[in-house]
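Visitor: Could you take me through the aromatic rings in this one? I'd like a close look at how they pair up.

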Amino acid sequence: MELMHQFLRKQVDISDEDWRVFSSRFEQKIYPAKTFYLKAGETENYLAFVDRGLLRFYVEDIEGNETTIGFSIEGWFMCVFSSFYTREPSLYYGETLAETVIWRMHYDDLQEMYDRLNIVERIGRLATEQMLLWKSERELSFLTKSAEERYLDLFNKVPHLLQQVPLKYLASYIGVTPQALSRIRKRIS
C-alpha cells in the first residue's frame, strides 16, 4: 500500500492517523492476466488502486465488436464510476492485460469514510475531478484532433502504456483501425 500512500501524500496532506483509518478499509486482490475485473451487467462495488499491473476497459456492441474506452495503470485509482456512483449495472467490461494487484475498498466503506474523515471527501473530489478532466480531454480530442495527434497525446501522457498494450487496443482507444495506427507509428518514427 506504500505506492497508494505516496500517491495520496502528493495530492493531499493526509495525517498518519487518517491514513491508518482510511487504509484499514482496503483489501488486496490479485488478478491473473486476461481476467475480468468487471463484466457488463455487473455492478461496480469497489474503488480500487492499481498497485501493479494494467487493466483495459471497453464496451461491446451488439455484433461483438469491442471499443476500448480506457486503461488503468500502476499508481492510479480506478473504478467504473458510472456504475459505482449510481449503483446500477455497468455497461463496461474491465479486464487485466497483465497480472494485476489492486487494493480495493467497498462502496459502503467509502461512504462511511466520507462521513468519518474530511480528508477522504477531498480525496474523492480530487479523484473525480481528475477522471472528469481526463474524459473531457479525450472527448474534445475526438472533435478537434487527428488520430495522429491523439496517438501523440497518449504517447506524451503515458509513454510506457504504448509498450504494454496490444496495438489493436491502442487503435480502438484512439478511434482507428490497427492498420491505420501502424501507418501513423511508421510516419512518426
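Guide: Here is a walk through the ring pairs, followed by the charges that sit over rings. This is a predicted model, where local features need pLDDT of at least 70, side-chain atom pairs count only at pLDDT 80 or more, and totals for chains, interfaces and linings use all residues. Residues are numbered from 1 along each chain as its sequence is written, and side-chain values use heavy atoms, with hydrogens and water left out.

The structure holds 14 aromatic pairs. Rings of Phe, Tyr and Trp (its six-membered ring) pair if their centres lie within 6.5 Å; planes under 30 degrees apart are stacked, over 60 edge-to-face, and the rest tilted. Take Phe7 and Phe49: their centres are 5.8 Å apart and their planes at 50°, so this pair is tilted. It links distant parts of the chain, with Phe7 in helix H1 and Phe49 in strand S3, 42 residues apart. (Helices, H or I of at least four residues, and strands, E of at least two, are DSSP runs numbered from the N terminus.) Phe7 is buried at 17% relative accessibility, and Phe49 is buried at 0%. Buried means under 20% relative accessible area, with a 1.4 Å probe and protein chains only.

Now Phe22 and Phe26: with centres 5.2 Å apart and planes at 80°, they are edge-to-face. Phe22 is buried at 1%, as is Phe26 at 8%.

Elsewhere, Phe81, Phe84, Tyr85 and Tyr107 make up one aromatic cluster.

As for charges, Lys29 lies over the face of Tyr31, 5.3 Å from the ring centre, while the charged end of Arg138 sits over the ring of Tyr173, 4.1 Å from its centre. That call needs NZ of Lys or CZ of Arg within 6 Å of the ring centre and within 35 degrees of the ring normal.

How values were computed: Buried means under 20% relative accessible area, exposed over 50%, partly exposed in between (1.4 Å probe, protein chains only).
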